[in-house]
Amino acid sequence: MKMFSKAAVLGTTALVTGLFGAASAYAQVEQITITAQKREQTLQEVPIAVSVVDAEVLQDAQIVDIIDLQSVVPSLRVSQLERSSNATFIIRGQGNGANNPGIEPSVAVYIDGVFRSRAGTALSDLMGIERVEVLRGPQSTLFGKNATAGVVSIITEEPQFEFGGEAEITLGNFNTVITRGSVTGPLSDNVAFSLSGSVNQRDGYYENVGAGGDFNNRDRWAVRGQLLYTPSDNFNLRVIADYDEIDEQCCGTDRVVDGAAGAVLRDILGGQTSAGEGFNYQIATDFSNQNTIENSGISVQADWSLSDTLTLSSITSYRMYEDFIDYEGDFTTLELLGENVRGLDVDTFSQEFRLTGDWNDRAFFLLGAYYSNEDMTAQDSRVYGADTRSYLDIIAASGVVQVAPGVFIPDPSTSAVTAIEASGGFAPGTFFADGAGVRFTAEQSDEQFQIFSQLDFNLTDRLVLTAGLAYFQSEKEVNFLNVSRNNPFSDLNLVAIGEPLILSGLIGANPLFTGTDPTDPAQVGAFAVANPAVFAALQGLAASSATVFPSSGAAVSNPLLALPQPLGALTPFPNSVEDGRTSDSDWPYTVRLAFDATDRTNVYTSFSRGFKASSWNLTPDTRPNSADVAALRASGELAADNAFGAPTIVNTAEALGVAGNQRFARPEITETFEIGFKTRFSFGSLDVAYFDQTITDFQSSVFQGAGFAVINAGEQSATGLEFDSVIAPPSLEGLTITLSGIWMDAQYDEFQGAPVVSGGAVDLADGVVDGIGDLSGESVAGIPDFAGSLGVQYNRELSFGELMLRADYQYESEVRLLENLPENITRQVSTINASVGLNLNNGVEALLWARNLNEDEYYTSGFPTTLQTGSFSTYPNQPRTYGVTLRTRF
């Protein structure tokens, strides 16, 4: 159901234009210069939806990093998941990533014109920032790679030819200590420099009752140096080098739904688990996490004014990124998971050229070319621990044993895992052995080329037609190396194995078989010959029930399907059928019409297309599609190699028909219609935009408790209405009010085979299996109906300086957190941030601040708890933090 009609929005536009139509009533307010279209323009004249946060707001609101930025930009969400480097950027409800190194984001992050291909490269503290621009909607025409949802563009301060600088220290709760400093000045008449650095340290606020240390600490530092060379009025060269490190233990979780596994872990095996719901900020692990990041790079930007109307620009960049994690992923003091390591090494070279100019003030043009070459190596080790087998034997037990008078617990000797192991001829202890699992290295090369153009043509003095067109080409190649795998249980086809077990049970329960031993093949065979019709009916029931999960509540089901099969079959890759390559191309475009209704009101409408290339599944859960499986069997590369005589790839997932195309996700396409207006008046400004957005083949990567489900959502659509406003009442000098918000209605038009709640009801009529469903026609989880931000700031001049009072309120209506979590796990945000500052005339500043002052509690994301079917965990938001910042400028 669509919330807003285009006619209604057009009517609103006309109304606002009428209200503020008289140019004589207009008084100038502060102009904001941005580069959202890769050239300097004022915010008012750029006919796209963009939010701008300047340096003053970043400091006054104590916005330390890009995660804090969402508190003042309601269309942006940044969710941090299980480690410091794993963050997902979302604009207008669109974004992805989710701890899969091959799934690239839909929101492009740029710092000083250089694309950051991984979220971890943009998470260091914001220092020396001039402004942050958040561009909403597809920006692929000018920004190319990974901009289907929008762009976050961070612009740092240029070196100055006048000596100056600043130093600051922040002290806060959880033993927070943040120090920052910067200095800038001339080295000669035409060379200026700047140097900035920061150190951020904080104790963890998540208590660990196990062997590991506290979680959610801060330990990071960064440095950036710049040189600006201006030998003449028509040429300048800017060189930027940066380096930052993160070494933290992140991120704590709450066990909001405690399934049957919880009692086994605590009461029988003697372990501890994370705290339940209630925002107790307490976790239990058996060892400390290790998450280290090293991120560095250098860029060179040159700008030549070839004439009064023609400028040539070049940006050359080389970046290096290393990310290592050894993560305790079962969230217990037991060793359900042993080694759980991910390492990422990314080297990226990029080159961009732009030629801009105007023709007789009638048209402005931009022509450009972009090239990038990225090499990535991902190391992955996921193995079982010392307690895995004993835990699963209890979970899979069919009998009980008395351990005290009147006290019975599951009998591990009756485990289905043990029974399958014995019947298959495997040595005792083969399944889920300590140290068994998967280790491999994945390599990916990614070469991309784009040519892009945009023309702004003045049809009249007030009417501008914009046409932008780009061509995008992406070539990716993936190779899996050094694969070491000892995980035979996950290769088994539990559907095929379960069918005779079900048949045996049906025979034993049927009165016609009285006197027949269902475990004796000879007796069963004799009865089958004597009663063929009855036996055939029981065979048919057993076959149909072999694909029915116990959680369905059906009278007859396959109990083996309740057993986890993580770290599924890894086929040789590349192979004779799959060459490990994707080649994608597209023509992203933008068409826009902008009309200056008055000297201070601009009305525009646009249609744009965004494109993101294929993304590879670089986790142990990658697998070929069904057609490729058949071809691999025919080639002999999938020979029978287990005791049940089935090819390795024929495990339960394929037998259920849910393996699908999980090797890679197809390209993602976003098409957006937008209409809006921007107006400025004597005491502020108002920007409003309505959008109608369709995403085809959205690249979904979701953790399901025992692995990742990578799939394209067929089609997702959304409509929304956004507004940004600034009000400075003339009668209340020094008071500034900012109000922003977004109403949005998003749904899946088509999403079959979607990851849904595991361990819940199963719709057999629709062929839906546990954890896999059809979300077509359903609302998209995680996208609230309304999100808004209100900021109130008061500045008062004093004889000895200036007083500043500020408060921000962030609100999001209640919404289901994720589709693969129960419906009652929701998110609702109602957070207050506040600060009081005093700026003295001698350059000394003091800021008393608090974030989440009202101790608001909500979840940022969640997941089915690892290897614990029926349990679900979430990531709580950060509790209240507060402190004081002292700063001096010179």
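**Close-up views of a predicted model**

**View 1. Phenylalanine 324, a partly exposed strand residue.** Phenylalanine 324 has a relative accessibility of 31%, so it counts as partly exposed; that value falls between the 20% cut-off for buried and the 50% cut-off for exposed. Bear in mind that everything shown here comes from a predicted model. The residue sits in strand β19, which covers residues 310–326. Look for valine 341 in this view too: 17 residues separate it from phenylalanine 324 in sequence, and their C-alpha atoms lie 7.5 Å apart in space.

**View 2. Strand β9, covered on both faces.** Is strand β9 (residues 150–156) mostly covered or mostly open? Mostly covered: seven of its seven residues are buried. On one side you'll find Gly150, Val152, Ile154 and Thr156, and on the other Val151, Ser153 and Ile155, all of them buried.

**View 3. The partners of β9.** Here we stay with β9 and bring in the strands that pair with it. Strand β6 (residues 107–111) runs parallel to β9, and five bridges join the two. To pick out one of the residue pairs, find valine 109, whose bridge partner in β9 is valine 152. Strand β8 (residues 129–136) runs antiparallel to β9, with seven bridges joining them. In that pairing, arginine 136 stands opposite glycine 150 of β9.

**View 4. A disulfide between cysteine 250 and cysteine 251.** The sulfur atoms of cysteine 250 and cysteine 251 are 1.8 Å apart, and the two residues form a disulfide. The count for the model comes to one disulfide, so this is the one to look at. Which hand does it have, right or left? The torsion about the S-S bond is about 85 degrees, so the disulfide is right-handed. Cysteine 250 counts as buried because its relative accessibility is 3%. Cysteine 251 is buried as well, because its value is 4%.

**View 5. The open sheet β16-β42-β41.** Three strands make up this open sheet, in the order β16-β42-β41, with antiparallel pairing. β16 (254–257) and β41 (859–864) are the edge strands, each pairing on one side only. From one strand to the next, the twist averages 35 degrees. Zoom in on β16 and β42 and you'll find three bridges holding to the antiparallel sense. One residue pair to look for is arginine 255 with its bridge partner in β42, serine 873.

**View 6. The second largest cavity.** How many cavities of 30 Å³ or more does a search of the whole structure find? It turns up 13, and this view shows the second largest, with a volume of about 770 Å³. Its lining takes in 38 residues, and those closest to the centre are Ile67, Asp68, Tyr205, Arg218 and Gln878.

**View 7. What lines that cavity.** Several strands each supply at least two residues to the lining of the second largest cavity: β4 (76–80), β11 (176–186), β12 (191–202), β39 (826–840), β40 (844–851) and β42 (872–876). The largest share, four residues, comes from β4. As for the chemistry of the wall, the lining has 13 nonpolar, 18 polar and seven charged residues. Strand β42 may look familiar from the open sheet, where its place in the order is between β16 and β41.

Methods:
Residues numbered from 1 in each chain as written. Predicted model: local features only at pLDDT ≥ 70, side-chain atom pairs only at ≥ 80, totals over all residues. Heavy atoms only, no water. 1 Å grid on protein atoms, 1.4 Å probe; cavity = no way out; pocket = protein on both sides within 12 Å on 5 of 7 lines; lining within 4 Å. Points joined across faces, edges and corners; volume = space filled by probe spheres on them. Nonpolar A, V, L, I, M, F, W, Y, C, P; charged D, E, K, R; others polar. Disulfide = S-S within 2.5 Å. Buried < 20%, exposed > 50% of the residue type's maximum accessible area, 1.4 Å probe, protein only. Pairing = 2+ DSSP bridges. Axes fitted to C-alpha atoms, helices over the stretch in contact; angles between N-to-C directions.
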